[in-house]
Amino acid sequence: MQRAPKGQPAVLVEHLGVAVEVELPGGERRRVRVARRSGLVVGDTVLVDGERLELSPRRTELRRRTAGGAVHVVAANIDALCVVAAVDPPAKAGLVDRAVVAARAAGIEPIVVVNKSDVPDTEGVIPAMRARGDDGLAVLVVSAKTGAGLMELSALLARLGRVVLVGPSGVGKSSLLNRLVPGAARATSELSVARGAGVHTTTTSTLWRLEGGGEIVDTPGVREYGLVDVPAEDLAAYFPAFTLVTEACRFRDCRHEDEPACAVRRAVADGRIPERRYVAYRTLLDEAKLVQRAATNRS
Ligand SMILES: Nc1nc2c(ncn2[C@@H]2O[C@H](COP(=O)(O)OP(=O)(O)OP(=O)(O)O)[C@@H](O)[C@H]2O)c(=O)[nH]1
Ligand SMILES: [Mg+2]
Ligand SMILES: [Zn+2]
């Protein structure tokens with residue numbers, strides 16, 4: 001006979017080494033001791049029974065491969081991933097595209113927020129970000145400093161549900177959180193300080209409830225956003241502009257590289273698919289193939 005689950009449901013809002021902070025349905029928060037490598041992540045739903053925690057199945061799970069090659073679960077039960085970018089510091093090439101594909105592969109809606117719109121040079125990066133909008137992606141331009149665009153962002157977050165902020169260190173994720181959740185008061189730091197020491201200001205992920213609805217997770221900055229378990233043959237499905245092409249490629253398993261009679265490449269040639277999206281696809285395809293080859297060699 002199956003044992004009836006015991007305990008009170010709660011949401012994990014922070015993992016602090018050997019303890020986690022959970023929020024009970026009434027909004028009360030408490031700490032529970034756990035093993036250092038508990039495997040629990042922010043956003044997890046748990047049943048709390050005294051000092052015992054039982055993990056409930058995850059609805060969604062956002063994973064990334066770190067610069068060192070390890071697989072890291074960013075957060076659980078997330079509805080949307082918000083990639084935060086800024087003109088300074090710039091994201092490493094491909095980080096935004098990878099994070100967007102990772103979100104789509106996990107069944108999570110991606111959006112892009114360009115922060116620091118008060119910095120004049122921001123104009124220069126907006127077209128490249130907006131170009132991704134052709135791929136059905138919402139791109140918002142905001143400033144945590146002046147408050148520009150934040151009403152629109154709040155409205156979008158409320159609609160999306162539970163949203164995780166990801167991006168390089170120093171783009172202003174915690175600054176945005178502090179504007180959106182007045183009581184949060186998360187530490188932020190000057191770029192020069194963060195860069196000089198080579199450290200990230202935010203070191204743990206935390207979940208916050210937004211007054212206007214929705215929830216937000218602030219995370220430590222990332223240098224890389226490596227894809228996990230996105231096979232080369234699935235990749236095209238995460239580029240919505242490609243799926244709008246109604247004609248079929250000659251080969252059913254066409255990867256749209258140099259196969260003859262490829263409908264996707266034809267659509268790129270006649271401008272129906274923006275060239276930049278195709279270039280982004282080819283970059284990620286090469287990576288996915290490398291990962292697959294490495295996995296085959298290991299086994
Ligand atoms: N000019 C300008 N500066 C901003 C804006 N938002 C944040 N900053 C500054 O950018 C720096 C980094 O901000 P943080 O919020 O700490 O960045 P973060 O993305 O949380 O960084 P990590 O926690 O290291 O990942 C701080 O000096 C902020 O004051 C903005 O909209 N405009
Ligand atoms: Mg931060
Ligand atoms: Zn093709």
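A donor here is an N, O or S atom within 2.8 Å of the metal, and water is not among the atoms, so a site may look incomplete. The model is predicted. This report covers two metal sites and the surroundings of ligand 1.

**Magnesium site**

Two residues coordinate the magnesium ion (ligand 2): Ser174 through OG and Thr202 through OG1. The distances run from 2.0 to 2.1 Å. Ser174 belongs to helix 4 (residues 173-180). Thr202 sits in the loop between helix 5 (191-197) and strand 12 (206-209). The pair therefore ties together parts that are 28 residues apart in sequence. Both residues are buried.

Ser174 has a further partner. Its side chain makes a polar contact of 2.7 Å with the side chain of Asp218. Asp218 is part of strand 13 (residues 215-218). Its relative accessibility is 0%, so Asp218 counts as buried.

**Ligand 1**

Thr202 also links the magnesium site to the next topic. Besides donating OG1 to the magnesium ion (ligand 2), Thr202 is among the closest residues to ligand 1. In total, 23 residues surround this ligand. The closest are Asp118, Ser169, Lys173, Ser175 and Thr202. By class, the shell holds 5 nonpolar, 13 polar and 5 charged residues.

Three contacts to oxygen atoms of ligand 1 are listed below.

| Residue | Polar atom of the residue | Distance to an oxygen atom of ligand 1 |
|---|---|---|
| Thr201 | backbone | 2.9 Å |
| Thr202 | side chain | 2.6 Å |
| Gly221 | backbone | 2.9 Å |

Taken alone, ligand 1 exposes 660 Å². The protein buries 89% of that area.

**Zinc site**

The zinc ion (ligand 3) is coordinated by Cys249, Cys254 and Cys262 through SG, and by His256 through ND1. These donors lie at 2.1 to 2.4 Å. What is the geometry of the site of the zinc ion (ligand 3)? The site is tetrahedral, with angles of 103 to 115° among its 4 donor atoms. For four tetrahedral donors, the ideal angle at a metal is 109.5 degrees.

In sequence, the donor residues follow the spacing C-x4-C-x1-H-x5-C. Among these donor residues, Cys249 and Cys254 are both buried.

**Summary**

Ser174 and Thr202 hold the magnesium ion (ligand 2) as its coordinating residues. Asp218 contacts Ser174, and Thr202 contacts ligand 1. Three cysteines and one histidine, namely Cys249, Cys254, Cys262 and His256, coordinate the zinc ion (ligand 3).

Note on methods. Residues are numbered from 1 along each chain as its sequence is written. Chains are lettered from A and ligands numbered from 1 in the order in which they are written. This is a predicted model: local features need pLDDT of at least 70, side-chain atom pairs count only at pLDDT 80 or more; totals for chains, interfaces and linings use all residues. Side-chain values use heavy atoms; hydrogens and water are left out. Donors are N, O and S atoms within 2.8 Å of the metal (3.2 Å for Na, K and Ca); water is not among the atoms, so sites may look incomplete. Helices (H or I, at least four residues) and strands (E, at least two) are DSSP runs, numbered from the N terminus. Buried means under 20% relative accessible area, exposed over 50%, partly exposed in between (1.4 Å probe, protein chains only). Four donors count as tetrahedral if all angles lie between 85 and 135 degrees; four count as square planar and six as octahedral if opposite donors are over 155 degrees apart and all others between 65 and 115; anything else is irregular. A residue is near a molecule or strand if one of its heavy atoms lies within 4 Å of it. A polar contact is a pair of N or O atoms within 3.5 Å; within protein, one must be able to donate a hydrogen and the other to accept it, and residues adjacent in sequence count only if both atoms are side-chain atoms. Accessible areas come from the Shrake-Rupley method with a 1.4 Å probe; for residues, only the protein chains shown count as cover. Ala, Val, Leu, Ile, Met, Phe, Trp, Tyr, Cys and Pro count as nonpolar, Asp, Glu, Lys and Arg as charged, and the others, Gly among them, as polar.
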